[in-house]
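This report describes a single protein chain, beginning with one strand and moving outward to its surroundings. The sequence and the structure follow.

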Amino acid sequence: MRPYILAETNWKHLKNEKIELAVLPWGATEAHNYHLPYGTDNIESEYLAAESARLAWENGAKLIVLPTIPFGVNTGQSDIYLDINLNPSTQLSILRDIITVLNRQGIYKLLIFNSHGGNDFKTMLRELGLEFPKMFLCSSNWFQALDRLKYFELDGDHAEEMETSLIMYFKPELVLPKEEWGEGKEKKHKITAFSEQWLWTERKWSEVSEDTGIGNPKFASKEKGERFFKDVTKKIGKTLEELCKLDLKDSYES
């Protein structure tokens, strides 16, 4: 039993505990190239959040990892078989209900541990921050926490070398043999500004990728996944400690 994982701990432990920070992993259920499971984002969020929390807990941080939300925003993948979409308005409602509980029970810090590029919580947290002025609300993208090109040879953002390496480390039995892997080729938009990332539109997934991957996974390995996992959870764990210790009445440097 890990006392910092809500789904595993118990009332015997929690009834006298004082939690400073709730961590909410949020993933998605969607195709990840030919070779990775639909639950890739959820597996990543659960493993990364749990290990980061363990490191923080062992250094005295009082935090709790909530159960993972397994569905994310997949509006651009409506024609990909069994990609399950959760609209942003639904996410807002879920967050409001969770925050209502935390606020009522005196747990005033919430971190959304996001594991899916289609999820974007910033505007939701702005709105909910007005509704719950005592709450400190923040969100993270673990996949942006480190310079990935120091760990992986090829870039990408979906079922690429990084994600394939992590799942090879976490759940190797769920990764198809290498000869089954797609190349993750991405078709770029005809308007250059979208590639420069100062102009945005949602990608129509079935039109930009034949295998649903974005980025070639061919150089992925379990060893790369393990190295990245250890380094990124060390960094995140330190941040979780800092969030637990943060005085909400004195959050900024003088």
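Which residues point one way from β1, and which the other way? In this predicted model, Leu 21, Val 23 and Pro 25 point one way, while Ala 22, Leu 24 and Trp 26 point the other way. Residues on both sides of the strand are buried.

## Strand β1 and its partners

Strand β1 covers residues 21–26, and 6 of its 6 residues are buried, so the strand counts as mostly covered, with buried meaning under 20% relative accessible area. On one flank, β1 runs parallel to strand β2 (residues 63–65), and 3 bridges join the two. One of the pairings sets Leu 21 against its bridge partner Leu 63 in β2. Between these two strands the chain passes through helix α2 (residues 40–57), and the resulting β-α-β crossover is right-handed.

Strand β1 also runs parallel to strand β3 (residues 109–114), to which 5 bridges join it. Here Pro 25 of β1 stands opposite Phe 113 in β3.

## The sheet

How many strands form the open sheet, and in what order? There are 4 strands, arranged β2-β1-β3-β4, with parallel pairing. Strands β2 and β4 each have a single partner strand and stand at the edges, so one side of each has no neighbour in the sheet. On average, neighbouring strands are turned by 20° against each other, direction ignored.

The pairing of β3 with β4 is parallel and comprises 6 bridges. Within it, Leu 111 stands opposite Cys 138 in β4.

## Ser 140 in the edge strand

Ser 140 belongs to strand β4 (residues 136–141). Is this residue buried or partly exposed? Its relative accessibility is 22%, so Ser 140 counts as partly exposed; the cut-off for buried is under 20%.

Leaving aside residues up to four places away in sequence, Ser 140 touches Leu 111, Ile 112, Phe 113 and Asn 114. Ile 112 is 28 residues from Ser 140 along the chain, yet their C-alpha atoms are separated by 6.2 Å.

## Helices over the sheet

Helix α2 lies across β1, β2 and β3, and runs at about 165° to β2. Helix α3 (residues 88–104) lies across β1, β3 and β4, and its angle to β1 is about 160°.

Helix α2 also packs against helix α5 (residues 161–170), at an angle of about 65° and with the axes 10 Å apart. The two helices are therefore roughly perpendicular. Their crossing is left-handed. On the α2 side the contact is made by Thr 40, Asp 41, Ile 43, Glu 44, Tyr 47 and Leu 48, and on the α5 side by Glu 163, Leu 166, Ile 167 and Phe 170.

## Positive phi in two loops

Most residues other than glycine have a negative phi. Asn 33, in the loop between β1 and α2, has a positive phi near 55°. Its relative accessible area is 6%, so Asn 33 is buried.

Where does Ala 159 lie? Ala 159 is in the loop between β4 and α5. Although Ala 159 is not a glycine, its phi is positive, at about 60°. With a relative accessibility of 0%, Ala 159 counts as buried.

Methods:
Residues are numbered from 1 along each chain as its sequence is written. This is a predicted model: local features need pLDDT of at least 70, side-chain atom pairs count only at pLDDT 80 or more; totals for chains, interfaces and linings use all residues. Side-chain values use heavy atoms; hydrogens and water are left out. Buried means under 20% relative accessible area, exposed over 50%, partly exposed in between (1.4 Å probe, protein chains only). Two strands pair if DSSP finds at least two bridges between them. A crossover is right-handed if, with the strands pointing away from the viewer, the path from the first strand over the helix to the second runs clockwise. Axes are lines fitted to C-alpha atoms, for helices over the stretch in contact, and angles run from 0 to 180 degrees between N-to-C directions. Angles under 35 degrees count as roughly parallel, over 145 as roughly antiparallel, 65 to 115 as roughly perpendicular and the rest as oblique. A crossing is left-handed if the near helix is turned anticlockwise from the far one by less than a right angle, and right-handed if clockwise. Contact means heavy atoms within 4.5 Å.
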